Every structure is written in C-alpha cells, then in structure tokens.
Amino acid sequence: MNNTKRFQDIIAHCKEYGFIFPSSEIYDGLSAVYDYGQFGAQLKKNIKDHWWRWMTQLHENIVGIDAAIFMHPTTWKASGHVDNFNDPMIDNKDSKKRYRVDTLIEDFAEQLVDEGKEAEAQQLLQQMNELLKLNDLAGLKKLIEQYKICCPVSGTCNWTEVRQFNLMFSTQLGSVNEEATEIYLRPETAQGIFVNFLNVQKTGRLKIPFGIAQIGKAFRNEIVARQFIFRMREFEQMEMQFFCRPGTELEWYAYWKEQRMQWHQSLGIPADKLRYHDHEKLAHYANAAVDIEYAFPMGYKEVEGIHSRTDYDLRRHQEFSGKKMQYFDPEINKSYIPYVVETSVGLDRTVLMVISEAYAEEEVPTAQEGKTDTRTVLRLAPHLAPIKLAVLPLVKKDGLPDIARKIMHDCMPAFHCFYEEKDTIGRRYRRQDAIGTPFCVTVDYQTKEDETVTIRYRDTMQQERIPIRAIRDKVRQAIQ
C-alpha cells in the first residue's frame, strides 16, 4: 500500500540529520541527483563493506575488481546497449512532460489496487507485459487510451505516439572536437567484468565455477527519475558475475537466488517485507530472471536482480573483439565459453530500503508520570549504523569531559564513535536515536568513584551500569 506521508517524512529526516541532500542545493539542485551527507556516506560504506565481505571474503571462488567508468565504445555495441538499451516513452502534449510507458501504466495499476480493483490492475499489467514483449508501441498507446490514463501534471489524456529513447549518456574523448571520439558513461558495471574475464581468470589461476565482484558507479539518462534515491541518473551498483559450465547455469541461478535473499535479511529486513518477482519479459541475453523486491512506502519495488545471462556477453565480446573468450576445462578436457549468472543490487536503493525499514516514530514515556513524548528513531542493524557508540558527559565540568574523551579515544580504533556535551542528556539521546546510534554511554559523577558508566540501548531505551573496561567488547560483540 502506498504511504506517501511516511515516504515524505523519511526524505525530510534524511536531509535534517545529515544522510542525504539534494545535489547543488544552493543553486536549486539538479533533478534526480543527490549527495550523501556525513551519516549517509558512512551508512552507504557500511552496506558496501558488508556486501564485499559477504561476496569475496566468505566465498573462496569469488574475487573483486574495480573497472574504469570509461570503456572502448565498441564494448557497448557488443553488449547490445547501443541498439537495445531503450525505454518506450510517451509525451503529454499539454504538460510537455515525458513518461516511461511502463512506469505510467504501473502507477495507474497501483491506483486501481488502492481502489480495490485488483483484478483489473492485474489484467492491465498482463496486457502491458505482452505488448512490451512484442515491442508493440502502437498497442501500448492504445492501452493507455483504453484505460483513460491521464498525465499526473495536466490531468489530460492528450498523448503523443510512443517512441523509443536510448538511456546512455555520451561524451567526447579527446582534446580537439574534430578528432574527439564519442564514448559513453557506462550504464552498468557488468561489462567491465566481462572484458576482464580472461585477465582475472589467468592471473588468479581460477577454475570454473568462479565469480568476479565489483562495486561502482553507473549512469542512465532516466527521463522519469523520481522517488528520491530510488531512481537516479547517477547511481551505484554492487554486481557479481558468476561463471559456470554450460548446462549448470540454472542450478547456480537457483543457488544465488536463495543466497541473495538471505543477504537482504542480514541487513535487518524482515522476510515478510521481501519477495521474489519473476520476469515475464526476459532481456535478450537471459534464459531466467527474477527480482528481489522490498515493500517500500510507495509499494513493492525492485532492489536486486538475479539473471541467468547464458554465454551472451562473452560470446558477443569474442565476436566484436576477435579475441577468444574461452575457458579450457580440465575436468572434461574441453574448451567452451562459460555461462554467467548475475546478481546485481542497487546500492542506493539498498540504502533507501534500510532507512525505510529502520525509520519509526513512536510515543515514549517521559519523566513526568502519565505523560508521553514522540521520538524519531532509526532502528538500523548495529553493524550498519554510521555511529556505533556515542559518549556523553553528563555535564561540561568537574573532569567528566576528560573521562568521556578518554573512553572515546580508546574505542575509536575499533569502531566509529561520537562525542557530544551540548544540551540536556535527554536531547542528546534523541539526536542519537534519530541517526541510528545503537549505544550511548553517559559519564556521570559515579564514574569518578567506581569507573562505571550508564549504557543506554537505542531500541529499548533501557539503561544499565557497566565498567568502563567492558564498553569496547560489548559494542564490538553487537556489531559483528
């Protein structure tokens, strides 16, 4: 169910507490481009580190690379992006706004569901998918007209014909315009893995099956870029391409489908908020594909795709480069082009998923009997939280700040800490709740007597006294 207010509250919270800002905001921003603030950047890095460890450290047959954003332009001809990386678009003549056809229809289907017309919504989506498979642009326009789908801005159904629009950004490589070569900002990170397949396999002495992982920026000229950081023109992907023997790809596809679902749950996402969605229209390179979707405030949306890409990519690069992209398998004494199973997760979407799941507003009791207050809290999994421990002296005198600083400096090599001495202790707790800090320790006058502190737990707001010497181990155990 669409929850617009909750989504807007999350967006406002991200800006107010230093997670995500509109890019170039002092110049009124740039559409669908965002900057990560101090806490958002750390949260994003923690998710990246968690994925990298899960993929490379915990799998002996997966290694990581970091390929360049710029690639030889023939790469994108071979991959099919030059000819096939298009979205059907439609313009409203009154508002002058352009929309992705599938997004326009899916949004209308969501409205039907909200009105209790689920069967009609399913029929609409089924018709759309059939037309997309056939690449029937005229049929898609007729479908929009049949259901009287209007422009959200003008409210009219005065549409142009449906046209294909290529999503790649192009630029010039070279110092003189006449001699410059047109190249592209990569629309995905996968091709950097494919063109390095043999380099990695030979230098790493890797045997099939094995995987190559990568985290990197990608760029798509999305016409309908919206829903905060869910759909942006500049975004980050975490991808792993798993190379396997032909004929085994669907077994590995099933394996990675399950593995990736487990990873999302390891971020603190409940199983009942995640689901699989099988592709009805397969990409030209795939023989199986599924999305992992999360129940965002705006409804279920894709965060990761798992695809069985067959041997399409390596075969195409072999064809266009003239270089053999084959592997000699000593177990069967045969050379072949490996098949590939891909896992591709949107990092920015994962950040939004984690924040959406963690965000809560709740009534909590106050010191005054019978009265309550509202607190905003991010219940982030401790290993993902930007700050693990806040160290707070009760007052700014009598040596308490000195003790607090020493505690923080002792813990800083092990995890991220935060020191604050301004405002009442209650207000400081609230600020730490809002950025998702799982532990706060308060240094008070009893600390000077027995070297103990009060540790407060974010989720329950419960407090207990523990020795100073126990702080670091307690936090480290929770964030492993």
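**Exercise 1. Place Met-461 and state what its backbone and accessibility show.**

Solution. Met-461 sits in the loop that joins strand E22 (452-457) to strand E23 (463-467); helices (H or I, at least four residues) and strands (E, at least two) are DSSP runs, numbered from the N terminus. The model is predicted: local features need pLDDT of at least 70, side-chain atom pairs count only at pLDDT 80 or more, and totals for chains, interfaces and linings use all residues. Residues are numbered from 1 along each chain as its sequence is written, and side-chain values use heavy atoms, with hydrogens and water left out.

Next, take the backbone: phi of Met-461 is near 65°, a positive value in a residue other than glycine. Most residues other than glycine have a negative phi. Finally, Met-461 has 24% relative accessibility and counts as partly exposed (buried means under 20% relative accessible area, exposed over 50%, partly exposed in between; 1.4 Å probe, protein chains only).

**Exercise 2. Do the same for Lys-96.**

Solution. Lys-96 belongs to the loop between strand E4 (86-91) and strand E5 (98-100). Its phi is near 65°, positive in a residue other than glycine. With a relative accessible area of 66%, Lys-96 is exposed.

**Exercise 3. Describe the sheet that contains E4.**

Solution. Start with the order: 3 strands form an open sheet, E5-E4-E6, with antiparallel pairing (two strands pair if DSSP finds at least two bridges between them). E5 and strand E6 (163-166) are the edge strands, each pairing on one side only. From one strand to the next, the twist averages 50° (axes are lines fitted to C-alpha atoms, for helices over the stretch in contact, and angles run from 0 to 180 degrees between N-to-C directions).

Then take the pair E4 and E6, which is antiparallel over 4 bridges. Asn-86 stands opposite Asn-166 in E6. H7 packs on the sheet and touches E4 and E6, its direction making about 45° with that of E4 (contact means heavy atoms within 4.5 Å).

**Exercise 4. Determine how H6 and H7 are arranged.**

Solution. The axes of helix H6 (residues 118-134) and helix H7 (residues 137-146) come within 9 Å and cross at roughly 165°. H6 and H7 are therefore roughly antiparallel to each other (angles under 35 degrees count as roughly parallel, over 145 as roughly antiparallel, 65 to 115 as roughly perpendicular and the rest as oblique). For the residues, Leu-124, Gln-127, Met-128, Leu-131 and Leu-132 in H6 meet Gly-139, Leu-140, Leu-143 and Gln-146 in H7.
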